[in-house]
Structures are given as C-alpha cells and as structure tokens.
Amino acid sequence: MKRIQRIGYSTLAGLLLMLTALAAAGESDTGKESQYLSNVRQLIYEGKRSGEGYFSPDGNFLIFQSEREPENPFFQIYILSFESGDSWRVSPGRGKTTCAFFRPGTDEVLFASSHLDAGAAAKQKAEYEIRNSGQERRYSWDYDASMDIFSANRDGGNLKRLTASYGYDAEASYSPDGSKIAFCSLRNGYPAENSLKGVTLSDQEKKRLEVDPSYFGEIYIMNADGSDQKRLTDWPGYDGGPFFSPDGQRIIWRHFDEGGLLADVYTMKLDGSDRRRLTDFGAMSWGPYYHPSGEYVLFASNKLGFTNFEVYMVDAQGEKEPLRITYTNGFDGLPVFSPDGKKLVWTSARTPGSESQLFMAEWNHEAALAALQAAPARNAASSNPAPGSGSASLDVVTVPATITVSPVKISSPQIAAADLLASVQYLAADELEGRMTGSMGARKAADFIADHFRNLGLRPVGDNNSYFQEFPFPAGVKILPEKSQLTITRQNEKPVSMKLEQDFRLLPFTADGEAEGEVVFVGYGLSVPGESGKGYDSYAGLDVKDKIVLALRYAPEAVSVERRQALNAYAGLQYKAMAARKNGAKALLILSGPNSPNAGELISLSADRSLGSAGILAASIGGKTAQMLFAAAGRDLKKIQSELDMENPHAESGFILPGVNVKFSAGVEREKKTDRNVLALLPPAEESAGGEYLIIGAHYDHIGYGEIGSLARKGEEGQIHNGADDNASGASMVMELAAALADARQKNSADFRRGILFALWSGEELGIIGSSYFAEHPAAPLEKAAAYVNFDMVGRMKDNTLLLQGIGSSSAWKKLIEKRNVPAGFNLVLQDDPYQPTDVTAFYPRGVPVLGFFTGSHEDYNRPSDDTETLNYPDMERIGKFAYNLILDLAKQAERPDYVKVERKQQQGGGRETLRAYLGTVPDFVPGEIEGVRLSSVRAGGPADKAGVKEGDIIVGLAGQKISNIYDYTYALEAVKIGEPTDVTVLRNGQEIKLTIVPEVRK
C-alpha cells in the first residue's frame, strides 16, 4: 500500500479534500456532542473553504484563513469582528498564506506567507487551471519553501518579514505576553541554501526531502521581532503546530513518528527541556490547544478511522485517557477556545458539500472537568516517556485568570416578540376564517396590513394611489351536469348513458365542449423523450387525430424501480392531457386499471390543483365504464395492462376499440374572482427616475377551511385552518421589518441608497398567483429590483436552525449572511436552489436575486392546529433582527447583488398526483447536518406507525435505496408497491434500526 504523506498543521483545506476523496460512508451522532457543545453553528459561509480560526485576546475578533479571493485560489488571512460581522483581508493577497495569530497587547498579527515568491502568480494560475478542468487531485501539502513568517497591523499595514530562511517557516503563535513566537521550520532540510555549517544531507535524506519534506519540520522559538531564533526539537519525524500554555511557561505541539502516520501531543519548557507526552493514542493526533484554565487540552485524532478526524480532550498532565468530544463523521479538528473558555471554534467538514468551514459552539467547562475527573488513567502515562527525554515526571501547571468577553450588542430594538405575537393573533384569528384567497377573511387581513403601512407613513404604490394591487384568479370550476354527458354506443346496441360522478367525472382542467367518435386505447398515454429503452411513446404508430383516447393512470407497475421512477416524471394527468392534445385527440378518458392503486375508482377533483383549461376535453372513468368499452371490443383489460406493466415488447400497446362509439360533452364554468396584494414603499434618500429598490415580501393568504391542500386528520375535516405559521408568521415579520426600517430611515436617511417595497401577497396557496401578477405588472420596473427577500413559515424554529433558500441566485448572499449571522448566532442551513414552491419563484426567473427565510415544516402544517400559541416568538424576534441588518446592508451598499443563473433541475418525480403509496410520514423539510430524512411526525394508525417508525426517526433507507435527502425519499416512495412489505431503515438515538413497512394506497 502506498504511504500517504503526513499532514502539516496548516494543511486543513487540503486535508479535507483528501477526506472527501477517501471517506467511507458513515453516520453522525451529533446528539452525543451536546454533553460539551451547545448551539453548534456554522460561522463562516463565504468562500470555498475556511479554517484555523484564533480569537483576539479580548475575544472580540477572530483571525482565520479562507479561500475567497477571485484572483487567488489559495488561502488568504482575514479578520472577523464578532460585534459587526464585518471581515477584511489582512494578508497581501498574493501567493499562499496560513497560520495567523493575534499578538497580545498590540494591534499586530502574524501569519505565514509566500507572497515574495517570484513564482507565486504562476502557481496561482496553475492551480486555477487544474480546478477549472474539473480534476480532483489528492491533496498533499507542498511545504512551500518560499513560505516565511510576517507580522502586520490588523488592517494589513506595516508588513514586516520575521523569518528569511530558505524552506517552509509557518505554524506560528505568540506567547501570552506577546514577547515570543513559537513556530515550525523545515530549514534543516536545506543546509546548503541556509549556509548551515557542518550540516549535510545523506543520499537517503535527500531522497526523503523529495518525497516527504515535512520530515525535517522542527519547533523553533524567537523574539516577537524575529530575532534570536532557536531550535527546540531534534527528533526524527515532523514536529509542528506549537502553542504556548496559558501561563506562558510551556509549549504544546504534535510530533509525528518517522513513518508519518502516527502522531501524539507533547509539551516542553520554552528552552526545549522537560518534554512530556500527553497522548499515546495509536493514531494521528494533532492540532492541540489549551483551555484558558490550563486544566486540559483539545486536539484532533483519527483514532476511529484514517479519514475520520474527531476532536478529543485530555488533561494537561496526560494522566487520563482522552475523551471524545465530536461525533460527526468526516473531519473535525483545529479546536480553539475563546479567551474566557466559554466558546469553541473549530474547523469542520460537516457542511452540506463536505467542504471545510469554521464552526462555533458554546463550551461546557464544568462538564469537561467532571468528565476528566471520571476518565480512566492512561496506561502509558508513567511507562512511555517522550522520545529523547530522561524522565516521565509530571509537574502541575499554574493557570491564569480567565478573561470576560464583551457582550454582543443587538441593534433595532423595535423588532419585538410582543409585536409579532399581536400581528399573528389577528391574522390567525378564527374571525378571518383561514384567509382563503378571495374570501372576506383575506380582505380583512389585507385591510389590517394596509392600516399598518398607513400608520407608518409608507407610500402607497398600488392601484389608484392605494395600498392595494388587485389581481384576478381562477376561483373554481363549476360543473354543469346538464351539459356533462358520456354516452357509449356499442355495435347493434342502444346508446347507454353513463352517470356523472358515478361512472365518470370531469377532470378540473377539462375544456368546455363536446366530442364524438371512435375510441383509441393508448396504454399509459405517456410521451417520454429519449432513445429506445429510455424514452416511451404510447402514441407511436397510432392515428388519434379527432378521436377520443383512453389511457391508463400512472405508469407501468412491474418495471424496475429506476424505470418507473423515470416514467413517473411524465405520468401526471396534465402531462397525459398535453400528449393527447399534441397528437390531435379531441378528448381524453383516464382509467385506474385493475393492476393499479385505486383500481376502477374515479379520480378525485383535488388530484390536480390546476383550474385552467388543458385545451382538451378530459374525464376519468370508473371500472364499469371501462368494462363496457373493452367488452365491446372483445379485449381483456387486465391481461393487456399486465403485459404493459412488464413492457412486453410483443404486447399490443395501443389499438382502436372496434364497434364502439363515444359521445362526450363537458360543461364547465370557470369562476373568476379578484383579490389584492398589499404594497407600500419606503423611498430612498435621494429619489430619481428609475432608481433601484428592494422587495421584502411574504404571502398572507392560507387555505380557509381546508378547501385546498389540507392535511387535516380524521375529525379535523372542515375546521378553520388559521395558518399561524403558514403564513401569518411571515406576514407579521414583514410588517415588523417595515416599522423598524421606517424608523431607521427617519433617523439616518443616508443609509437608504435604495428604496424598499414591502409586499404582502395573496394567492400563494393557489400557485403564487399574486406575486406572479405583480412580477408581470410591477409597481416599478422589475429590472430595477435589486433583490427579493421572502419570509414563508418563519415561526417554528427548532434547535436554533434557520433555513435560507435561493443562495445560488447571487454570489453576494454568503458574504452578507456570514457578516450578519456572526452576532445573530443561528445554525444556518443554506440551500442554493432558487426555484422554491413559494413566492421567490415569481421573481428569480425574471432576473431578480432571491433570498428566502424558512424555519421548517412540522406536524401542524396545513392543519387546523397551526394556531397562534404554537409559534416561537422569541426566535422570531431574533430572525427579524437578523433580517433587518441584512436588509439594511442591501439598502445602503453601493454594489447591487449580482444575478447568477441557475438551471432548473428536472423534477425527479411526477409530483404528488403520481405518488401511489402512502406511508403516513411527515418529513421535516429543513435539511441539516444529517444524511437522511428526519420525520417531524408519524400519522397514528398509518403504515409507518404500524411498522414501529417514530417521530424524530431519520429514514436512511427505503426499498433497498439509500436515503440522503427528501428527494431520495420521494423518489424511493414512487417505487414501492402497494401491499407488499418493504424494508425501511431508520436512525434512532444514533442506532440503526431495520423495520418492515407495508405501503397503503394513497387516497
């Protein structure tokens, strides 16, 4: 087996690349982390990756490395302010940089840099060429011989070179008093270049230098000005990553053995004496860092597998066995404490893309002390001294007092939980009857919102100088029974009239009119593009022009899982109607065949929300009607469907039903109503024709008494669906933001370079009708809309998790979000896809960058139980303050967020109407740091409940397929067979449990 090159302390990004390439599949158990860590959250979002973050002595700043420069693919050094969220580059921007640290008592920092390398630009170009080619190369840190240590002021000025030896000088840190620097150097690997007297390399050492330069890494110490550089270590193997103890009396570092795959943590005095081994872990243990108390140390180790680095803790004397801190598969390392010891920052690949970024959490010092007290003694504590040391004796280390971190100031006190509660109480009251689009309750809600805007003094920008923009919408389809008839005439028999709602039912998208003629059976009625074996054309070889076509519902039942999933994408009723119309048919009849779920049953009117016409007559027919048609033709429907289900190439996929004539008429009236968007403008400081503006929006409508999309349980049918979270929470958030931003403009109008249009939409539940109407009839030119920020279901935050959607629509979002989340402290989940089932989709395709706020689904979603008292108002206040700062940044910054075009992904499935199977699960739609689908609830008495699946379980496998996300779950659900037991695998409290579930028919 080829030896993998050992890993340097500053090689975080590359290490993670290697981990991504090598990591074996495994599951996380972040619940166990809560013993020591709480409020775990991603700190840095901007840039491809980041790492190695170190606090300033007062705890108000963090210095770290990140890949975010557009002209440089390598790490540069940045400082982050915890108070403002701003970050700025300190390093020159050229070459490679790493390993930065604050100098106590001064405005200075240090870092290692290769910016003086004459070949730096060429290396940057070469790296970009490799990355742009799409190649993924195994990472190996190159220990750039041009890397030296520099100091600079925090603004990047007063840059001074502290080391000038040929060979890698890096991994440096200051002593607590700021007078000394400990660092790693490979200068002894280049004796000729450094004029080292009496030092030569043997042939074997020269060969080692070529393949593994880190072997020559040793620990050095020097004064803060770079003078008096002294070597402290002289063991064979790589020594690096030194830090001073909190009292400044010792240096801690990690030492690799000669083979380069094992490393342990050691300490020594500042003169290199009294070396002590803290770990004997039989693994690669590195990146040690003291707690400010001096009582223990955190470090990273791959004890559980070569590519799985976790954070561990060991007592400062090395007397106890290390204790595990993190439980997330992949990489967690480089842990660093805040000066008061209450916070931990570390580098982790627990991001959705498995790229390294900095994370932060609250640290439980008391729990750490208690755990160390109970930890078993380290077997090697007295029998395995450090290499080259003469004694294994251990001394007590004195500790300094801890430092208190200044509290973070929160701006905009106008945003208050009490105000949000008051607005939700009104909007979600029974008196508004669920705010169904076009209802009196929706009108009351719109009036309430307009009054709020009027009281704030915002400018009306609706119709006729009002706050309202009226829009039409299809309110329903009225069936006219006297004009809706289906008559079958068989050869030599009298016509038979079928009964509406018993033998046939009009589909909601049917055209109005009549048709008469022959009936052509077209199998499953599918038209799927693709070559033979991938595509599917039910109309091949058939002439259906001016005829009535009869098609089976769904897709072939007995094909492979993958095949059915591919066909399901085109199996929707509207797809089948479009295919029939394009092939010239006058009418479409749909049948649930004898092999299908709901065999012989009429299709529910709620199976398709569309209220528009598909341009073709359409109805579903029952089993009795189908039997009459096939019996007249002398055909066995069940046998025919069975052959189609197997895609038997010899089966007759389509044919005319001889001796049968059908006369079909559909009488429908599409009811049109109107409702209102509510629009108000906070103008910019300097108004000009065609000035830019932001749109801040949310929908205020809901689903009334459950007329559409209700998930009401038995006994809840017909009750008012108040929609407190969906979306009184979002509407109240926009109202509160309007008040806070109007107040801010009154105090400092110069901050408002752009105007802000506050928009409350109706018709979202019917298909983003109100916002789409605005996008087509904007109050101001839509090309002047710099961004759209949406709030939909923001009232049920759990575990400090906030989902932000549409991040991929602009490259500006991550920087803005990172800045404002530093003081806010949310555990953010960023979702790139800008095509969301909410109002952002009205704007993104029209060139507007979008950002959506969402706190996740829950068991009360679209049920009467979504009431005012279920919302989390303190966290809504936090979300509001976070959004306020972000929106204010958008309003005052000179640069407009750029628009990034994201191709819309083809749906993996055909939508809810093609889902045949029912399991009785309600997924939590907030993706987190897990693989799988977490269940927010399980329907009582449903298949999942009967199988033993529980609320909070994480589904990781279904029907033999791995489940990583909600898309995988939906995809697998399309493949299961009704009534046939299938395997389901769940994670529960970190344990994998295999269960058997029997899917039922989705009604």
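## A guided tour of the predicted model

Begin by selecting Arg68 and Tyr78: Arg68 lies over the face of the Tyr78 ring, 4.8 Å from the ring centre. The model on display is predicted. A second arrangement of this kind involves Lys96 and Phe74, where Lys96 sits over the ring face at 5.1 Å from the ring centre.

**The aromatic residues**

Next, colour the aromatic side chains; the structure holds 45 aromatic pairs. Select Trp235 and Tyr266, which form one edge-to-face pair, with 5.2 Å from centre to centre and 65° between the planes. Trp235 belongs to the loop between strand 13 (230-231) and strand 14 (239-244), while Tyr266 belongs to strand 16 (residues 263-269), so this pair ties together parts that are 31 residues apart in sequence. Are these two residues, Trp235 and Tyr266, buried or exposed? Both Trp235 and Tyr266 are buried.

Then select Tyr36, Tyr296, Phe337 and Trp363, which together form one aromatic cluster.

**The four-stranded sheet**

Switch to a cartoon view and show strands 1, 22, 23 and 24. They make up an open sheet of four strands in the order 1-24-23-22, and the pairing is antiparallel. At the edges are strand 1 (37-42) and strand 22 (332-337), each of which pairs on one side only. On average, neighbouring strands of this sheet are turned by 25° against each other, with direction ignored. In general, strands of a sheet pair through backbone hydrogen bonds.

Now focus on strands 22 and 23. How many bridges join strand 22 to strand 23? Four bridges do so, and strand 23 (residues 343-348) runs antiparallel to strand 22. To see residues facing each other across these strands, select Asp332, which stands opposite Ser348 in strand 23.

**The cysteines**

Finally, select Cys99 and Cys184. How many disulfides does the structure hold? The structure holds zero disulfides. For Cys99, the closest cysteine sulfur is that of Cys184, and the two sulfur atoms are 8.9 Å apart, which is too far for a bond. A disulfide would require the sulfur atoms to lie within 2.5 Å. Viewed from the other residue, Cys184 is likewise in no disulfide, and its nearest cysteine sulfur is that of Cys99.

Displaying the surface helps with the last step. Cys99 is buried, with a relative accessible area of 3%. Cys184 is buried as well, and its relative accessible area is 0%.

Methods:
Residues numbered from 1 in each chain as written. Predicted model: local features only at pLDDT ≥ 70, side-chain atom pairs only at ≥ 80, totals over all residues. Heavy atoms only, no water. Pairing = 2+ DSSP bridges. Helix = DSSP H or I, 4+ residues; strand = E, 2+ residues; numbered from the N terminus. Axes fitted to C-alpha atoms, helices over the stretch in contact; angles between N-to-C directions. Phe/Tyr/Trp six-rings, centres within 6.5 Å; stacked < 30°, edge-to-face > 60°. Buried < 20%, exposed > 50% of the residue type's maximum accessible area, 1.4 Å probe, protein only. Lys NZ or Arg CZ within 6 Å of the ring centre and 35° of its normal.
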